[in-house]
Amino acid sequence: MRLQLIAVGTKMPDWVDSGYNEYARRFSTDMPLQLVEIPAGKRGKNADIQRILHKEGEQMLAAVGKGNHIVTLEVTGKPWDTPQLAKQMQRWQMDGRDVSLLIGGPEGLAPQCIAASSQKWSLSALTLPHPLVRILLAESLYRAWSLNNNHPYHRE
C-alpha cells in the first residue's frame, strides 16, 4: 500500500521540506509516503476564491491514483489518537487500495474534494498552518506505522 499526500502549495521553506522528508524517508518500501504538491492559485485583492478553490480541487483529484481511498484533512473531521490511527492504517492495508490524503490551501479544500473523500480526519481543533500540517501528518503516520510494526519509535 502506498500513502500519497496531496497538498496545495509549492516552494515550502527549508524547515518544512526537511521536517517532512525526515519522516517520509523512514517509511519502509512496503508502505512508502509520497508527496504531490499542487500549485496554489494566485490570491490577490480581488481574487475569485471560489474559482481558485475549484481549480485546486480539480488538480488534487487528478493527482489521486485511480481507485485510491481518499482521506481529507479537515478541522471538522474525526480526531484519531495514535492507536486509532494505527488501526485505521491496518484497515487501509486490508482494503488493498492506496490511500490519498488531501491537504487544502489557505481556504481549505474544494467542495469536490470533500465530496470525493471516504473519510475526514482532523489533526486538531486548532487551525494549523498548512506547511506545518505536512510535517505533523508525516510524523503521525510514521508513529502509527511504527506501532503496527513493533518499531521502537513509538512508546506508549
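**Exercise 1. State whether L136 is buried, partly exposed or exposed, and place this residue in the fold.**

Solution.
Step 1. L136 has a relative accessible area of 34%. Buried means under 20% and exposed means over 50%, so L136 counts as partly exposed. The model used here and below is a predicted one.
Step 2. The residue belongs to helix α5.
Step 3. Leaving out residues up to four places away in sequence, L136 touches L123 and L128.
Step 4. Y23 is 113 residues apart from L136 along the chain, yet the C-alpha atoms of the two are separated by 9.5 Å.

**Exercise 2. Find which residues line the second largest pocket, and which element gives the most to that lining.**

Solution.
Step 1. The lining consists of W80, D81, T82, L85, W121, S122, L123, L136, E139, S140 and R143. L136 from the previous exercise is among them.
Step 2. At least two lining residues come from each of α3 (82-95), β5 and α5.
Step 3. With four residues, α5 gives the most.
Step 4. Sorted by class, the lining holds five nonpolar, three polar and three charged residues.
Step 5. The volume of this pocket is about 160 Å³.

**Exercise 3. Decide how α3 and α5 are oriented relative to each other, and list the residues that meet.**

Solution.
Step 1. Two packed helices are described by the angle between their axes and the distance between the axes.
Step 2. For α3 and α5 the angle is about 75°, and the axes are 8 Å apart.
Step 3. Angles of 65 to 115 degrees count as roughly perpendicular, and α3 and α5 are therefore roughly perpendicular to each other.
Step 4. On the α3 side the contact is made by T82, P83, L85, A86, M89, Q90 and W92. On the α5 side the partners are S140, L141, R143, A144, W145, L147 and N148.
Step 5. By class, this contact has nine nonpolar, four polar and one charged residues.

**Exercise 4. Describe the largest pocket: its volume, its lining and the elements that supply the lining.**

Solution.
Step 1. The space in this pocket is about 340 Å³.
Step 2. Its lining has 20 residues, and those nearest the centre are L73, E74, V75, G108 and H130.
Step 3. β3 (69-79), β5 (119-122) and α5 (130-148) each supply at least two of the lining residues.
Step 4. The largest share, three residues, is from β3.
Step 5. Eleven lining residues are nonpolar, seven are polar and two are charged.

Key: Residues numbered from 1 in each chain as written. Predicted model: local features only at pLDDT ≥ 70, side-chain atom pairs only at ≥ 80, totals over all residues. Heavy atoms only, no water. 1 Å grid on protein atoms, 1.4 Å probe; cavity = no way out; pocket = protein on both sides within 12 Å on 5 of 7 lines; lining within 4 Å. Points joined across faces, edges and corners; volume = space filled by probe spheres on them. Nonpolar A, V, L, I, M, F, W, Y, C, P; charged D, E, K, R; others polar. Axes fitted to C-alpha atoms, helices over the stretch in contact; angles between N-to-C directions. Parallel < 35°, antiparallel > 145°, perpendicular 65-115°, else oblique. Contact = heavy atoms within 4.5 Å. Buried < 20%, exposed > 50% of the residue type's maximum accessible area, 1.4 Å probe, protein only.
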